[in-house]
Amino acid sequence: MRIPGVLLIAIFFLTTPGCGPGNGSSKGRPEIQKQASRISSLLEPSASLTLPLGEEIRLVLSVPDTVTVDSVQVFMGGELKLNIPGSSLGESQEDYEFMLSTEGEYTGKSGLRLRLFFAGGGSENHSRQLTFLSDVVPLEFSYQVVKEYPHDVSAYTQGLEYVDGEIYEGTGNYGTSSLRRVSLETGEVDKQRDLDQSLFGEGITVLGERIYQLTYKSQVGFIYDKETFQEIQKVYYQNKEGWGMTNNGEELIMSDGTNIIYFLDPEMFTINRQIEVYHNEGPANSLNELEYINGKLWANRYFTDEIVIIDPETGKVEGRINLKGILKASDRRPTTDVLNGIAWDSKNERLFVTGKFWPKLFEIRIRESG
């Protein structure tokens with residue numbers, strides 16, 4: 001079929017882009033502002049940096065010799081560490097080099113920022129991410145079994161504490177989560193409070209006359225009367241999974257399955273502070289059940305036979321205990337799960353450990369390997 005010439009002209013005008021403002025011309029388009037290029041460069045560190053605490057960081061700045069630097073400020077973890085006047089940098093040169101101490105910093109992630117001020121006005125910023133490893137090589141410990149006690153093989157142990165001659169235990173899994181008071185010698189449950197079937201119980205701790213219990217993903221915890229197990233209060237925490245719990249006599253201490261430990265106000269459940277736990281080679285991940293022993297924090301590492309001993313002020317791992325083989329093959333069943341549960345008898349200095357669905361609870365003594 002032929003298309004009339006007039007119609008072709010109409011189609012041409014309809015399909016050909018116009019040249020008016022807003023229809024593709026440079027006049028109608030918003031102009032893209034080009035970002036001004038930097039005057040200076042941070043040559044070292046050239047990227048994110050991982051290093052042991054105590055090691056100095058070498059900083060190298062490159063500045064054209066036509067530019068005069070008035071001063072340089074160096075921040076680490078948001079805190080001003082160096083404030084170097086231009087006169088201390090010497091005459092104009094291409095590279096400026098200086099060292100930054102990491103003494104007194106904490107393990108974990110931190111930020112490095114340099115701010116340069118130029119003579120005549122203007123400034124530039126450079127930043128890098130830092131990760132500080134522990135400068136302590138953990139001591140390696142082995143164990144000796146002192147005594148074995150019976151343990152409820154149906155208990156999916158999440159929290160364990162020894163108080164006034166009895167074991168307090170929190171158990172998990174949907175539909176079977178509970179808080180228990182258990183006889184150490186017999187393993188029999190003296191008192192039990194079951195959680196709602198919609199809740200997955202986690203770590204517990206006894207502080208004064210109160211028992212605190214976490215849940216896994218529900219972001220709700222419970223405070224009970226120690227004697228009666230009656231609920232006193234519900235508490236809530238956000239953006240965290242509840243895993244292990246203990247206390248230092250003043251604060252609750254909580255893990256969430258990572259290498260981060262949180263110190264909480266026992267009344268408000270707000271975070272007072274937190275530490276990132278590292279050994280000399282990297283983060284100590286999967287921290288689970290906790291116990292506070294003689295000023296140190298002890299933690300099971302999930303899916304391992306290892307307990308780590310942590311400085312609660314710095315986050316440094318000071319020791320490791322390898323408990324491999326403590327539960328014999330003859331005591332294992334298809335349902336037997338991982339090591340989890342640490343309890344400390346401070347009066348008699350006895351250490352107890354168990355695991356999820358384990359038939360035994362062990363009193364152990366540790367000793368340095370080698």
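Trainee: How many bridges join strand β3 to β6?
Mentor: This is a predicted model, where local features need pLDDT of at least 70, side-chain atom pairs count only at pLDDT 80 or more, and totals for chains, interfaces and linings use all residues. Residues are numbered from 1 along each chain as its sequence is written, and side-chain values use heavy atoms, without hydrogens and water. Strands (E, at least two residues) are DSSP runs numbered from the N terminus, and two of them pair if DSSP finds at least two bridges between them. β3 covers residues 57–62 and runs antiparallel to β6; the bridges joining them number six.

Trainee: Which residue in β6 stands opposite serine 62?
Mentor: Strands of a sheet pair through backbone hydrogen bonds, either parallel or antiparallel. Opposite serine 62, in β6, stands aspartate 95.

Trainee: Which strands stand at the edges of the open sheet?
Mentor: The sheet has three strands in the order β1-β3-β6, with antiparallel pairing. Each edge strand has a single partner, so one side of it is left without a neighbour in the sheet. Those strands are β1 (41–44) and β6 (95–100).

Trainee: Which residues touch the most other members of the largest nonpolar core?
Mentor: A nonpolar core is a set of buried Ala, Val, Leu, Ile, Met, Phe, Trp, Tyr and Cys residues joined through side-chain atoms within 4.5 Å. Buried means under 20% relative accessible area, exposed over 50%, partly exposed in between (1.4 Å probe, protein chains only). This core has 23 residues, and β3, β4 (69–76), β6, β7 (108–118) and β8 (123–133) each supply at least two of its residues. Touching the most other members are Leu59, Leu61, Val72, Val74, Phe98 and Leu114.

Trainee: How many aromatic pairs does a search of the whole structure find?
Mentor: Rings of Phe, Tyr and Trp (its six-membered ring) pair if their centres lie within 6.5 Å; planes under 30 degrees apart count as stacked, over 60 as edge-to-face and the rest as tilted. One stacked pair is phenylalanine 222 with tyrosine 224, at 6.0 Å centre to centre and 15° between the planes. The search finds 11 aromatic pairs.

Trainee: How many residues apart in sequence are the parts that tryptophan 243 and tyrosine 302 tie together?
Mentor: The two rings form an edge-to-face pair, 5.5 Å centre to centre with 90° between the planes. Tryptophan 243 lies in the loop between β17 (231–236) and β18 (245–247), and tyrosine 302 in the loop between β23 (296–301) and β24 (306–310). So the pair ties together parts whose separation in sequence is 59 residues.

Trainee: Is tyrosine 302 buried or partly exposed?
Mentor: Its partner tryptophan 243 has 12% relative accessibility and counts as buried. Tyrosine 302 has a relative accessible area of 22%, so tyrosine 302 is partly exposed.

Key:
Helix = DSSP H or I, 4+ residues; strand = E, 2+ residues; numbered from the N terminus.
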